[in-house]
Amino acid sequence: MTDNKQPKTGDLSDRLSGIRSSIDEKDARIIALLQERAGLAMKTGEIKTSLGLPIRDPGREKNILKTIAGAASGPLSADSLQRIFEAVIRECRALEEEER
């Protein structure tokens, strides 16, 4: 009698569907958090305008990216996370500038 340890195609398809569903849920959470972050950035832009401050704060951006790099403990490298957050910061800054 042969012991077949290979997973069946149906089992793998079900597993793939489950993983993709979980990814979809995470994507929805990420989108909601990005929208929330963008709203907060717009509020900071309003305050900066009232205070006569520039929209871009290179020191703050550097600190954010340093914090992000320090939090890299999973499959994504610090460089990967920093590139993602550079894009997030750039897009949020653009929203702040639109409000001026």
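# A tour of the pockets and helices

Begin by selecting α1, which contributes five residues to the lining of the largest pocket, the largest share. Helices here are DSSP runs of H or I with at least four residues, numbered from the N terminus. The model is predicted, with local features requiring pLDDT of at least 70 and side-chain atom pairs counted only at pLDDT 80 or more, while totals for chains, interfaces and linings use all residues. Residues are numbered from 1 along each chain as its sequence is written, and side-chain values use heavy atoms, leaving out hydrogens and water.

**Stop 1: the largest pocket**

Next select Thr 44, Lys 48, Arg 60, Ile 64 and Glu 96, which lie nearest the centre of the largest pocket among its 15 lining residues. A pocket is an open set of points on a 1 Å grid over the protein atoms alone, where a 1.4 Å probe fits, with protein on both sides within 12 Å along at least five of seven lines; lining residues have an atom within 4 Å of a point. The volume of the largest pocket is about 290 Å³, taken as the space filled by probe spheres set on points joined across faces, edges and corners. Helices α1, α2 and α3 each provide at least two residues of this lining. Colour the lining by class: eight residues are charged, six nonpolar and one polar. Asp, Glu, Lys and Arg count as charged; Ala, Val, Leu, Ile, Met, Phe, Trp, Tyr, Cys and Pro as nonpolar; the others, Gly among them, as polar.

**Stop 2: helix α2**

Select residues 58-70, the 13 residues of helix α2. At 1.5 Å a residue (counted for one less than the number of residues), α2 should span 18 Å, and its end C-alpha atoms are 18 Å apart, which agrees. Within α2, Glu 61, Ile 64, Leu 65 and Ile 68 are buried, that is, under 20% relative accessible area with a 1.4 Å probe and protein chains only, where exposed is over 50% and partly exposed lies in between. These four cover an arc of only 95° around the axis, so they sit on the same side of α2; the arc is that of the directions from the helix axis to the C-beta atoms. The buried residues of α2 pack against α1 (9-51) and α3 (78-98); contact means heavy atoms within 4.5 Å.

Now turn to the face of α2 directed away from its buried side, which carries the exposed residues Lys 62, Lys 66, Thr 67 and Gly 70. Gly 70 has a relative accessible area of 67%. Measure in the viewer from the C-alpha of Gly 70 to that of Leu 81: the separation is 10.0 Å, with the two residues 11 apart along the chain.

**Stop 3: helix α3**

Select α3, whose 21 residues reach 30 Å from first C-alpha to last, close to the expected 30 Å. Its buried residues are Ser 80, Leu 81, Val 88, Ile 89, Cys 92, Arg 93 and Glu 96, and they pack against α1 and α2. Pause at Arg 93, which is buried with a relative accessible area of 18%. Beyond residues up to four places away in sequence, Arg 93 touches Ile 55, Arg 56 and Glu 61.

**Stop 4: the second largest pocket**

Finally, select Ile 30, Leu 33, Leu 34, Arg 37, Leu 76, Ile 84, Phe 85 and Val 88, which line the second largest pocket. This pocket holds about 230 Å³ of space. Helices α1 and α3 each supply at least two lining residues, with the largest share, four residues, coming from α1. The lining has seven nonpolar residues, no polar residues and one charged residue.
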